[in-house]
Amino acid sequence: MSKTIVIGSDHGGYHLKKACIKALTDWGYSVEDEGPDCLDSCDYPVYAAKVCNKLKADADKLGVLICGTGQGMTMTANRMGVRAALCTNEFHARMARAHNDAKCLCMGERVTGQGLALSILKVFLESSFEGERHQRRIDLIDTVSQ
């Protein structure tokens with residue numbers, strides 16, 4: 001498991017991103033913050049692309065993307081070819097890693113409280129891909145989407 005986490009948000013996820021960065025640092029992770037650096041209105045695809053490009057360049061890194069609902073970040077990341085999962089509880093996070101080998105956790109600051117979000121983040125990072133029958137299904141994603 002990577003000890004480097006690449007994180008980004010838009011203005012709607014800025015506060016939760018800051019809380020995640022603090023938690024990640026406290027947990028011993030190295031964090032690459034791709035922005036934004038303030039609460040000014042901004043476009044989520046720009047920051048999703050920054051994080052996804054880093055994840056695509058280094059398969060060992062995991063990512064976190066946060067916007068108001070998590071939907072826009074998730075859609076952008078998946079469209080860019082990064083397996084991203086919008087998680088609203090710990091079970092989602094565990095299964096996203098264990099069964100889907102998700103490389104990027106997406107959350108929504110406006111729909112998930114900070115305490116729950118940090119718990120989701122911890123479970124996502126501590127879970128690992130189970131492989132075997134799940135790998136076959138992941139491989140099918142590329143086949144059926146051609």
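A pocket here is an open set of points on a 1 Å grid over the protein atoms alone, where a 1.4 Å probe fits, with protein on both sides within 12 Å along at least five of seven lines. Its volume is the space filled by probe spheres set on the points, which are joined across faces, edges and corners. Before you start, note that this is a predicted model, in which local features need pLDDT of at least 70 and side-chain atom pairs pLDDT 80 or more, while totals for chains, interfaces and linings use all residues. Residues are numbered from 1 along each chain as its sequence is written, and side-chain values use heavy atoms, without hydrogens and water.

**First stop: the pocket**

Select Asn 78, Gly 81, Val 82, Arg 83 and Ile 141, which lie nearest the centre of the largest pocket. Its volume is about 240 Å³, and 13 residues line it (each has an atom within 4 Å of a point). Now add β4 (84-86) and α6 (133-144), the elements that give two or more residues to this lining; helices (H or I, at least four residues) and strands (E, at least two) are DSSP runs, numbered from the N terminus. The most comes from α6, with three residues. Colour the lining by class and you will find seven nonpolar, four polar and two charged residues (Ala, Val, Leu, Ile, Met, Phe, Trp, Tyr, Cys and Pro count as nonpolar, Asp, Glu, Lys and Arg as charged, the others, Gly among them, as polar).

**Second stop: α5 and α4**

Next, show α4 (residues 90-98) and α5 (residues 114-126), whose axes are 8 Å apart at an angle of about 20°. Axes are lines fitted to C-alpha atoms over the stretch in contact, and angles run from 0 to 180 degrees between N-to-C directions. That makes the two helices α4 and α5 roughly parallel (under 35 degrees). Look for Arg 94 and Arg 97 among the α4 residues that meet α5, where Ile 120 and Phe 124 are among the partners (contact means heavy atoms within 4.5 Å). This contact has six nonpolar, one polar and three charged residues.

**Third stop: α5 and α1**

Keep α5 and bring in α1 (residues 14-26): the angle is now about 50°, and the axes are 10 Å apart. Therefore α1 and α5 are oblique to each other (neither under 35, over 145 nor 65 to 115 degrees). On α1, select Leu 16, Ala 19, Cys 20, Ala 23 and Leu 24; the α5 residues they meet include Leu 118 and Leu 121. Here the classes are nine nonpolar, one polar and no charged.
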